[in-house]
Amino acid sequence: MSKTKSYAAASPSSPLAPFTFRRRAPREHDVSIEIKYCGICHTDIHQTRNGWFQGIFPMVPGHEIAGVVAGVGAKVTKFKQGDKVGVGCFVDSCRACAQCSGGNEQYCDLVPIFTYNARDKDGEPTMGGYSERIVVDEHYVLRMPDSLPLDAAAPLLCAGITLYSPLKHWGAGPGKRVAVIGLGGLGHMGVKLGHAMGAEVTVLSQSLKKQADGKRLGADGFFATSDEATFTKLKGYFDLILNTVSSDIDWSKYLELAKVDGTMVLLGVPEKPVPVGAFPLIAGRRSLAGSMIGGIAETQEMLDFCGRHNAPADIETIPIQMVNEAYERILQSDVRYRFVIDMASLNAS
Ligand code: NAP
Ligand code: ZN
Ligand code: ZN
């Protein structure tokens with residue numbers, strides 16, 4: 001077992017602070033990874049603050065993990081020392097249910113074992129990527145694209161796949177109109193990926209402050225939701241609406257922007273139930289759906305797609321000592337467009 005430096009939340013009300021714990025000794029199918037970078041997902045804020053449910057503390061967050069293989073177990077076949085690899089939101093699953101066998105491990109019947117704030121098969125709490133190393137079974141390890149810098153590729157492991165999967169599932173491509181609500185970590189990847197797939201992409205943001213960025217990322221349209229005219233202008237316009245917002249917004253009003261048979265997909269995870277009126281659903285045979293990350297094979301497909309289309313995340317790299325400040329900026333929608341922690345900074349604390 002190796003001593004591992006990290007940053008953890010000691011309780012739901014404490015800021016993140018230096019913390020040391022032990023990673024399990026690598027087993028024969030395990031890959032031992034030296035973490036170079038870890039993205040900060042809004043989920044890390046929900047979870048360290050008990051926003052969704054009672055968490056396991058101390059909690060080391062982080063599920064956009066990019067690093068280099070430091071060692072492999074005797075039976076590992078996919079990776080070798082020195083490979084650039086990634087780990088996303090889960091590190092194991094039951095491996096036997098229909099979802100696991102069908103490549104949808106994220107929907108495992110027994111619930112996948114999430115990268116942090118969960119318990120592994122031995123009952124030990126899982127600890128995430130704000131740390132110097134991680135040990136993961138090779139089946140749940142991804143190969144990072146050679147053509148992308150490792151820091152800017154890290155957010156693909158959650159923000160990238162969370163948008164790629166619904167874009168694919170609902171058939172985004174030429175001739176399809178896709179709206180992305182919220183231009184943050186998830187949203188900016190939605191714009192890049194939707195554009196790369198050939199869809200017409202429109203950003204719905206709280207204001208026009210990020211308009212130039214939206215266009216640069218590949219958006220065809222950009223509208224402020226603070227302007228009521230946006231909702232009259234765009235009523236019934238979209239085939240697919242990808243909603244990344246987790247705050248209290250008027251869900252029915254956004255749903256009406258979908259055309260007949262259109263779908264609004266919840267990707268953001270509000271801390272309270274989402275109230276939706278029946279009329280926007282029935283008057284237009286619209287669907288309200290949800291989607292969570294993606295399976296291992298699909299995540300690899302997304303990484304390769306981003307490598308081919310030169311679609312890394314737009315990032316601001318920070319030392320880990322700035323993590324609490326970064327959380328506050330994310331809560332203010334002041335992130336362009338993903339914070340990534342340079343893990344070398346752990347040695348400075
Ligand atoms: P983020 O970087 O904070 O982006 C969210 C964006 O929502 C903001 O940048 C902002 O964009 C918009 N927004 C914020 N407050 C708003 C408000 N009051 N009204 C309207 N819009 C508002 O967060 P993220 O990392 O992208 O994550 C977003 C959500 O997705 C979180 O709830 C996270 O837990 C969840 N998530 C879900 C999955 C999944 O598998 N489904 C995976 C990862 C994350 P504008 O400034 O453009 O308005
Ligand atoms: Zn995430
Ligand atoms: Zn399963």
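A polar contact here is a pair of N or O atoms within 3.5 Å. With that in hand, let us walk through this predicted model, starting at ligand 1.

A nitrogen atom of ligand 1 lies 2.9 Å from a polar backbone atom of Ser291, which therefore falls within the 3.5 Å cut-off. Two oxygen contacts join the picture: a polar backbone atom of Leu183 is 2.7 Å from an oxygen atom of ligand 1, and a polar side-chain atom of His46 is 2.8 Å from an oxygen atom of the ligand. On its own, ligand 1 has 920 Å² of accessible area, and the protein covers 89% of this.

Where does ligand 1 sit? Its place is the largest pocket. There are 30 residues around ligand 1, and those that come nearest are Thr43, Leu183, Ser205, Lys210 and Arg338. Leu183, then, is both among these nearest residues and a backbone contact of the ligand.

Now let us turn to the zinc ion, ligand 3. Four cysteines coordinate it through their SG atoms, namely Cys94, Cys97, Cys100 and Cys108, at 2.3 to 2.4 Å. Along the sequence, these donor residues follow the spacing C-x2-C-x2-C-x7-C. What is the geometry of the site? It is tetrahedral, with angles of 104 to 120° among the four donor atoms. For comparison, the ideal angle for four tetrahedral donors is 109.5 degrees.

Finally, consider how two of these cysteines are placed. Cys100 counts as buried because its relative accessibility is 9%, and Cys108 is buried too, with a relative accessible area of 6%; the cut-off for buried is under 20%.

How values were computed: Residues numbered from 1 in each chain as written. Chains lettered and ligands numbered in written order. Predicted model: local features only at pLDDT ≥ 70, side-chain atom pairs only at ≥ 80, totals over all residues. Heavy atoms only, no water. Donors = N, O, S within 2.8 Å, 3.2 Å for Na, K, Ca; no water. Tetrahedral: all angles 85-135°; square planar, octahedral: opposite > 155°, others 65-115°. Buried < 20%, exposed > 50% of the residue type's maximum accessible area, 1.4 Å probe, protein only. Near = heavy atom within 4 Å. Polar contact = N/O pair within 3.5 Å; in protein donor to acceptor, adjacent residues only side chain to side chain. Areas by Shrake-Rupley, 256 points an atom, 1.4 Å probe, with all protein chains shown as cover. 1 Å grid on protein atoms, 1.4 Å probe; cavity = no way out; pocket = protein on both sides within 12 Å on 5 of 7 lines; lining within 4 Å. Sits in = over half its atoms within 2 Å of the grid points.
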